[in-house]
Amino acid sequence: MNAGLRYLLWAGIRGVMRRAGRRMRTFRGFVSAIIGLLFFVFVVASQLMALQASGGVARQHDPVMQGFSLALLLFMIPALVAADAPFYWPQEVQFLFPAPLRRRELLLYALVSRGWVQLFSGIWLGLVGMRMAVRPAAAIPAVMLAVLWLFVLTQLAGLLKLAVGDRLPPTVARAVRPALYAGIAVAGWLFYREAQEVGFGMALGDLIASRGVQLAMLPARPFAETYAAETAGAVLAWSAASVALVMATAGAALLMRVDFRERSLVSSARRFERIRRMRRGRGGLASAAVPRNRWLPVPSFAFLGAAAPIARRQAYELGRGLQTLGALAFMAGMAFFYVIGLPRWLGSEGSGELGTSLVVLAVAFPLFGTGSFSVDFRRDVERIGYLRSLPLRPVTVAVGEVFVAAAIIALVNLLLLGIAVWMVDAPVEPRMGLLAAAVALPVAWLAVTLENWLFLLFPTRMQADGGQQSAFVGKQLIKLFFKLVLLGIVVVAAGLMGMAGGWVADTAGAAAGAVIVVALACWGATLLLARAYQSFDLTVDTPA
């Protein structure tokens with residue numbers, strides 16, 4: 001690699017460390033670092049306690065390997081679909097592209113400068129997955145290398161798309177995406193038909209055991225074998241095989257005879273403009289690149305009172321860029337698979353326990369889905385000054401900002417519950433089904449409100465830059481941890497109040513007590529969000 005590029009790589013690492021040191025010298029940065037350290041200790045301690053509680057029961061190699069391969073495949077598919085030319089920042093485009101550098105040097109610089117961030121992100125995911133591995137320590141190298149390989153594979157897929165796209169006739173290229181959607185629809189219909197005949201668990205097992213899915217999971221085999229290794233020697237051997245696969249994928253990308261620079265100029269400028277729109281409060285992924293016709297009328301939200309215009313504007317902006325619903329749909333699919341599908345495929349949950357799974361799904365999806373669905377303060381952070389100029393109370397602004405996001409997540413939550421009852425051939429206890437449907441709205445409101453509250457207290461910018469969003473996994477896990485803790489407090493309080501109400505008025509009293517606690521929690525979270533909005537300092541707190 002060119003000596004100047006090596007200098008830039010080292011300077012980039014020093015810059016990251018210098019920024020971290022500067023943040024540590026501020027009160028908010030110091031608190032964030034302490035929280036991150038406590039979260040790290042909590043994750044490791046919780047994994048060790050879970051291992052102790054399991055009684056030393058060893059996990060089997062084959063189920064763990066199959067589960068890891070399948071999880072990696074689920075992350076691989078959207079990464080390959082979204083693959084594009086390598087991303088470069090405007091400063092890199094301005095100074096590196098005109099420089100006397102070879103194409104391979106530019107690509108190697110992009111792989112190395114973004115790749116080390118992927119390794120760091122893999123540490124967090126590896127810590128979370130320690131309990132599921134056969135040997136807990138093997139989870140860290142397995143996940144780190146898998147995350148790095150996904151990043152390198154995405155770069156290779158982007159180059160392959162360029163090479164194939166340049167050779168396809170325009171009519172054929174335009175027909176690829178509709179054909180892909182049609183194939184997905186046909187596959188979904190065939191799976192539904194089989195699920196009705198043999199049962200959801202058997203149909204899912206047959207799909208995973210099919211030759212096509214097994215071949216698709218084959219590239220993930222070294223990482224899955226590392227994760228499921230039973231001895232230290234096997235961990236080292238399969239880790240070496242994983243490193244070799246990463247290097248081979250990177251080598252294949254470097255050997256591709258595709259001049260990506262012109263395409264990178266266009267795609268990088270488009271992605272950076274999207275980031276800049278986000279920084280200006282214009283919506284990022286939810287912004288429209290071109291004007292679009294509005295097919296569906298936007299409700300008036302008159303029942304919100306003075307908050308209706310703000311909620312209506314959020315709905316308008318969401319309608320101008322429905323692409324942001326793609327990330328929400330992906331998280332919905334992942335939550336459905338892990339809560340409903342995977343336990344039945346592994347046979348770890350009886351057919352009569354669907355009601356419990358519905359309650360878990362109604363809580364899990366909002367917690368995970370709110371992280372990437374930013375139709376709220378996270379998109380309007382630069383508009384806070386304008387919002388304060390309006391003759392509206394802080395609570396009114398808070399309600400208007402989060403209402404659309406909470407309503408959509410609640411609707412998707414109810415849709416997931418309906419799909420689960422429709423597809424899974426298992427009886428549902430009526431009380432559990434009603435409980436799952438009842439908590440869909442308040443949990444969605446709590447999750448969105450708490451996400452915004454944490455954002456206004458500790459602003460961080462979630463954006464899809466060249467390092468990919470996995471670079472922000474640590475921050476997302478920390479926020480998820482706090483949302484889980486706060487929601488757990490609400491659940492415990494609701495349970496205790498329900499028990500107390502049951503002693504007074506049986507079932508009706510228990511339900512009334514739980515509803516009162518949940519309603520008070522939603523009201524309290526909204527007040528906390530309003531206070532955080534009121535105390536937000538645009539000159540200090542606005543994330544860069």
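**Rings, a serine and two cores**

Colleague: I'm new to this predicted model; is Tyr88 buried or exposed?
Modeller: Happy to help! Residues under 20% relative accessible area count as buried. Tyr88 has a relative accessibility of 0%, so Tyr88 is buried.

Colleague: How do the rings of Tyr88 and Phe97 pair?
Modeller: The structure holds 8 aromatic pairs. In the pair of Tyr88 and Phe97, the centres are 5.2 Å apart and the planes make an angle of 75°. Planes over 60 degrees apart fall into one class, so the pair of Tyr88 and Phe97 is edge-to-face.

Colleague: Is Phe97 buried or exposed?
Modeller: The cut-off for buried is under 20%. Phe97 has 14% relative accessibility, so Phe97 is buried.

Colleague: Which parts of the chain does the pair of Phe303 and Phe403 tie together?
Modeller: The ring centres of Phe303 and Phe403 are 5.6 Å apart, and with planes at 65° the pair is edge-to-face. The two parts tied together are 100 residues apart in sequence. Phe303 lies in the loop between helix 12 (261–279) and helix 13 (308–320), whereas Phe403 lies in helix 17 (residues 394–423).

Colleague: Which residue has its charged end over the ring of Tyr88?
Modeller: Ring pairs link Tyr88 into a cluster with Phe97 and Phe260. A charged end also sits over the ring of Tyr88, 5.9 Å from its centre. That charged end belongs to Arg114.

Colleague: Which backbone oxygen does the side chain of Ser242 reach?
Modeller: Ser242 lies in helix 11 (residues 232–255), and its relative accessibility of 1% means that it counts as buried. Leaving aside residues up to four places away in sequence, Ser242 touches Leu145, Pro222, Phe223 and Thr226. The side chain comes to 3.4 Å from a backbone oxygen, that of Pro222.

Colleague: Which helix gives the most to the largest nonpolar core?
Modeller: Nonpolar side chains tend to be buried together in soluble globular proteins. Here the largest nonpolar core has 80 residues, and Ile340, Val404 and Leu456 have the most contacts inside it. With 15 residues, the helix that gives the most to this core is helix 17.

Colleague: How many residues are in the second, separate core?
Modeller: This second core is separate, and its members include Leu106 and Leu107. Ala163 and Tyr227 are also among them. The number of residues in this core is 50.

Conventions: Residues are numbered from 1 along each chain as its sequence is written. This is a predicted model: local features need pLDDT of at least 70, side-chain atom pairs count only at pLDDT 80 or more; totals for chains, interfaces and linings use all residues. Side-chain values use heavy atoms; hydrogens and water are left out. Rings of Phe, Tyr and Trp (its six-membered ring) pair if their centres lie within 6.5 Å; planes under 30 degrees apart count as stacked, over 60 as edge-to-face and the rest as tilted. Buried means under 20% relative accessible area, exposed over 50%, partly exposed in between (1.4 Å probe, protein chains only). Helices (H or I, at least four residues) and strands (E, at least two) are DSSP runs, numbered from the N terminus. A charge sits over a ring if NZ of Lys or CZ of Arg is within 6 Å of the ring centre and within 35 degrees of the ring normal. A polar contact is a pair of N or O atoms within 3.5 Å; within protein, one must be able to donate a hydrogen and the other to accept it, and residues adjacent in sequence count only if both atoms are side-chain atoms. Contact means heavy atoms within 4.5 Å. A nonpolar core is a set of buried Ala, Val, Leu, Ile, Met, Phe, Trp, Tyr and Cys residues joined through side-chain atoms within 4.5 Å.
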